[in-house]
Amino acid sequence: RVQRPRPAEPALESVSPGAVPDDQDMPNDVRTLAADIDATCRIRGTFTLRSGIVTDEYFDKYRFEGDPHLLRRIAEAMVPLLPADTQVLGGLELGGVPIATMISSLTGLPAVFVRKEAKTYGTCKLAEGGDFSGRTVTLIEDIVTTGGAARNAAVALRELGATVHTVVCAIDRSEPAQNVLGDIGLTTISVMTKADLDEVGA
């Protein structure tokens, strides 16, 4: 997976500027950002994962999302990855919301905040913010592992009249067989991958 010019019709794949051929080095800007995120978020101790597995280290993504300087740097790295036809940013609950807000501030693009499910009171909306029906929404996520949340959001937003073809994320942790987004015509574009973080954290 290598960075390349964005096609007019997005290919069904995952793309990362940090993912380069084995005989090339990671770009310096991505390496520096990955190192800073890894140093901030990789913590050691005893942790029980959702799967029940006990591990001696944990990647706490909210540490970079709660750091205003790292948050801005990751958002700045995501801005050039946005498809040219993006009209609205769709920040996914929870981690995609602060990133989408920062990207919105940097670009002037409006943002909506997409819940995991529509609330059952008040406006009963799935996506909070302005109008997006008939517009192209680029989903913003912090970390993609299987892509399940992004998949559900894309399906729901399409049913509400939006065009959704791309997810831009900070970190792609997915394995090729795990990411389900290509199944529904979604391209995943990331600033960095799990391999990038492992490389700088080694």
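Contact here means heavy atoms within 4.5 Å. The structure treated in these exercises is a predicted model.

**Exercise 1. Surroundings of isoleucine 74**

Determine where isoleucine 74 is placed, whether it is buried or exposed, and which residues it is in contact with beyond its neighbours within four places in sequence.

Solution. Step 1: isoleucine 74 belongs to helix 3. Step 2: its relative accessible area is 0%, and a residue counts as buried under 20%, so isoleucine 74 is buried. Step 3: once neighbours within four places in sequence are left aside, isoleucine 74 is in contact with Leu33, Ile37, Phe64, Ala170, Val191 and Met192. Step 4: isoleucine 103 is 29 residues from isoleucine 74 in sequence, and their C-alpha atoms are 9.2 Å apart in space.

**Exercise 2. Helix 4 and its cover**

Compare the span of helix 4 with the expected one, then state which of its residues are buried and what covers them.

Solution. Step 1: helix 4 runs over residues 96-107, which makes 12 residues. Step 2: from first to last C-alpha it reaches 16 Å, close to the 16 Å expected at 1.5 Å a residue. Step 3: the buried residues in helix 4 are Gly96, Ile99, Ala100, Met102, Ile103 and Ser104. Step 4: their cover includes helix 2 (62-65) and helix 3 (68-78), together with strand 4 (88-92), strand 5 (111-114) and strand 7 (137-144). Step 5: just after helix 4, glycine 108 has a positive phi of about 85 degrees.

**Exercise 3. The loop before helix 4**

Identify the peptide bond that is cis from glutamate 93 and locate leucine 94.

Solution. Step 1: the bond leads from glutamate 93 to leucine 94, with omega near -5 degrees. Step 2: leucine 94 lies in the loop between strand 4 and helix 4.

**Exercise 4. Helix 5**

Explain why the span of helix 5 agrees with expectation, and list its buried residues and the strands they pack against.

Solution. Step 1: helix 5 has 12 residues, which should span 16 Å at 1.5 Å a residue. Step 2: the end C-alpha atoms of helix 5 are 17 Å apart, so the span agrees with the expected value. Step 3: Ala150, Ala153, Ala154, Ala156 and Leu157 are buried in helix 5. Step 4: these buried residues pack against strand 4, strand 5, strand 6 (127-129), strand 7 and strand 8 (166-172). Step 5: glycine 161 follows helix 5 and has a positive phi, near 105 degrees.

**Exercise 5. The largest pocket**

Describe the largest pocket by its volume, its lining residues, the elements that supply them and their classes.

Solution. Step 1: the volume is about 1300 Å³. Step 2: the lining has 39 residues, and those nearest the centre are Arg50, Lys61, Ile143, Thr145 and Arg173. Step 3: at least two lining residues come from each of strand 2 (42-48), strand 3 (54-59), strand 7, helix 5 (148-159) and helix 6 (194-201). Step 4: helix 5 gives the most, with six residues. Step 5: the lining divides into 15 nonpolar, 10 polar and 14 charged residues.

**Exercise 6. Two acidic residues**

Classify aspartate 131 and glutamate 199 by accessibility, and give the location of aspartate 131 and of glutamate 199.

Solution. Step 1: aspartate 131 lies in the loop between strand 6 and strand 7. Step 2: its relative accessible area is 69%, and the limit for exposed is over 50%, so aspartate 131 is exposed. Step 3: alanine 111 is 20 residues from aspartate 131 in sequence and 9.5 Å from it in space, C-alpha to C-alpha. Step 4: glutamate 199 is in helix 6. Step 5: with 41% relative accessibility, glutamate 199 lies between the limits of 20% and 50% and therefore counts as partly exposed. Step 6: apart from neighbours within four places in sequence, glutamate 199 is in contact with Met26 and Arg31. Step 7: glutamate 199 and alanine 35 are 164 residues apart in sequence, with their C-alpha atoms 8.8 Å apart in space.

Methods
Residues are numbered from 1 along each chain as its sequence is written. This is a predicted model: local features need pLDDT of at least 70, side-chain atom pairs count only at pLDDT 80 or more; totals for chains, interfaces and linings use all residues. Side-chain values use heavy atoms; hydrogens and water are left out. Helices (H or I, at least four residues) and strands (E, at least two) are DSSP runs, numbered from the N terminus. The expected span of a helix is 1.5 Å times one less than its number of residues. Buried means under 20% relative accessible area, exposed over 50%, partly exposed in between (1.4 Å probe, protein chains only). On a 1 Å grid over the protein atoms alone, a cavity is a set of points where a 1.4 Å probe fits but cannot get out, and a pocket is an open set with protein on both sides within 12 Å along at least five of seven lines; lining residues have an atom within 4 Å of a point. Grid points are joined across faces, edges and corners, and a volume is the space filled by probe spheres set on the points. Ala, Val, Leu, Ile, Met, Phe, Trp, Tyr, Cys and Pro count as nonpolar, Asp, Glu, Lys and Arg as charged, and the others, Gly among them, as polar.
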